[in-house]
Amino acid sequence: MAGDPARDGHTDGDATFARRVRLRYALLTFALCAPLVWSFLAVRNLYPFPAYTMMMAGGDLSKGTDYYVLRGETVGGETFDLPPARLTDALSWRHWSLVGATVENKSFLITQPHPANAALAAATGGADKLPRAARLPELLRAWGESHNRRLPADSPRRLRAVRLDAYRWDGRAYTDFGRFIETWRAEL
């Protein structure tokens, strides 16, 4: 029909092409958004679709936690904070889970402990009879030696000891973080 404004300049092929483009964009939009929505709802961190866990609450205020501060004591008598992430180039928060597991002797409670850990547990009458933080002095010495290896032999920043201080935050409020619990010290 000549003169029909609804069809002027358009053919059936153009309409089919436009429907295909809209369908492709709809499928592409679904393919990109569906995993994001799923990861948000499932609270999973699966690459490349991150869950937005940084928008979640900061934790349960009714539950407190222990935390640790690693310090080095130099030959010259100075004490300074010694971040483990600078010593090993690993992720910083993984160090503190390692420290917590070492303090609680969790390496002795796994199904197949290291032979040296199994021997130590057997010598004390079982893993439940071990003193708290049985392997912590070795970890502290390893971190201290790692620090010292990076410095010249005559440096005043060389460590003579490494100290780990444990603190308790009781929860309930975002205050009173500094209640000291105990300390461990390893001479180098």
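What share of the contacts in the chain with a separation of 6 or more comes from residues 24 or more positions apart? The figure is 58%. Keep that in mind during the tour. This is a predicted model.

**Whole chain**

Start with a cartoon view. The chain has 188 residues. Its secondary structure comes to five helices and four strands. Read from the N terminus, the order of elements is α-β-β-α-α-α-α-β-β. Switch to the surface. The accessible area of the chain is about 13,200 Å². Carbon and sulfur atoms hold 60% of that surface. Buried residues account for 26% of the chain.

**The nonpolar core**

Hide the surface and go inside. Nonpolar side chains in soluble globular proteins tend to be buried together. The largest nonpolar core here has 18 residues. Select Leu-70, Leu-136, Leu-140, Leu-164 and Trp-184, the members that touch the most other members. Now colour by element. Strand 1, helix 3 (92-103), helix 5, strand 3 and strand 4 each give at least two residues to this core.

Centre on Leu-136. Beyond residues up to four places away in sequence, Leu-136 touches Thr-102, Val-103, Leu-164 and Trp-184.

Next, select Ala-133. It sits in the loop between helix 4 (115-123) and helix 5. Is Ala-133 buried or exposed? Its relative accessible area is 5%, so Ala-133 is buried. With residues up to four places away left out, Ala-133 touches Thr-102, Val-103, Asn-105 and Trp-184. Thr-102, Val-103 and Trp-184 appeared in the list for Leu-136 too. Draw a distance from Ala-133 to Asn-105. Their C-alpha atoms are 5.8 Å apart, with the two positions 28 residues apart along the chain.

**The aromatic cluster**

Show the aromatic rings. How many aromatic pairs does a search of the whole structure find? There are two.

Select Tyr-67 and Tyr-167. These rings are stacked, 5.5 Å centre to centre, with 20° between the planes. The pair joins distant parts of the chain: Tyr-67 is in strand 1 (residues 65-74) and Tyr-167 in strand 3 (residues 159-169), 100 residues apart. Tyr-67 is partly exposed at 29% relative accessible area. Tyr-167 counts as buried, at 15%.

Add Phe-180. Why is its pair with Tyr-167 edge-to-face? The ring centres are 5.8 Å apart and the planes stand at 75°, so the pair is edge-to-face. This pair also links distant parts of the chain, from Tyr-167 in strand 3 to Phe-180 in strand 4 (residues 179-187), 13 residues apart. Phe-180 is partly exposed, with a relative accessible area of 43%. Keep the three rings on screen: Tyr-67, Tyr-167 and Phe-180 form one aromatic cluster.

**Thr-74 and the stretch before strand 3**

Go back to strand 1 and select Thr-74. Thr-74 is buried, with a relative accessible area of 1%. Which residues does Thr-74 contact, leaving aside neighbours within four places in sequence? They are Phe-80, Pro-156, Arg-157, Arg-158, Leu-159 and Arg-160.

Two residues from that list deserve a closer view. Show Phe-80 and Arg-157 as sticks. Arg-157 lies over the face of Phe-80, at 4.0 Å from the ring centre.

Step back along the chain to Ser-155, in the loop between helix 5 and strand 3. Ser-155 counts as buried at 14% relative accessibility. A polar atom of the Ser-155 side chain lies 3.1 Å from the backbone nitrogen of Arg-157. Now find Gly-76. Ser-155 and Gly-76 are 79 residues apart in sequence, and their C-alpha atoms are 9.4 Å apart in space.

**Last stop: Asn-148**

Select Asn-148 in helix 5 (residues 136-149). Its relative accessible area is 8%, and Asn-148 is buried. What does its side chain reach at 2.7 Å? The partner is the backbone nitrogen of Leu-159. Show the surroundings as well. Not counting residues up to four places away in sequence, Asn-148 touches Arg-158, Leu-159 and Leu-188. Arg-158 and Leu-159 were also among the contacts of Thr-74.

Conventions
Residues are numbered from 1 along each chain as its sequence is written. This is a predicted model: local features need pLDDT of at least 70, side-chain atom pairs count only at pLDDT 80 or more; totals for chains, interfaces and linings use all residues. Side-chain values use heavy atoms; hydrogens and water are left out. Buried means under 20% relative accessible area, exposed over 50%, partly exposed in between (1.4 Å probe, protein chains only). A polar contact is a pair of N or O atoms within 3.5 Å; within protein, one must be able to donate a hydrogen and the other to accept it, and residues adjacent in sequence count only if both atoms are side-chain atoms. Contact means heavy atoms within 4.5 Å. Rings of Phe, Tyr and Trp (its six-membered ring) pair if their centres lie within 6.5 Å; planes under 30 degrees apart count as stacked, over 60 as edge-to-face and the rest as tilted. A charge sits over a ring if NZ of Lys or CZ of Arg is within 6 Å of the ring centre and within 35 degrees of the ring normal. Accessible areas come from the Shrake-Rupley method with a 1.4 Å probe; for residues, only the protein chains shown count as cover. A nonpolar core is a set of buried Ala, Val, Leu, Ile, Met, Phe, Trp, Tyr and Cys residues joined through side-chain atoms within 4.5 Å.
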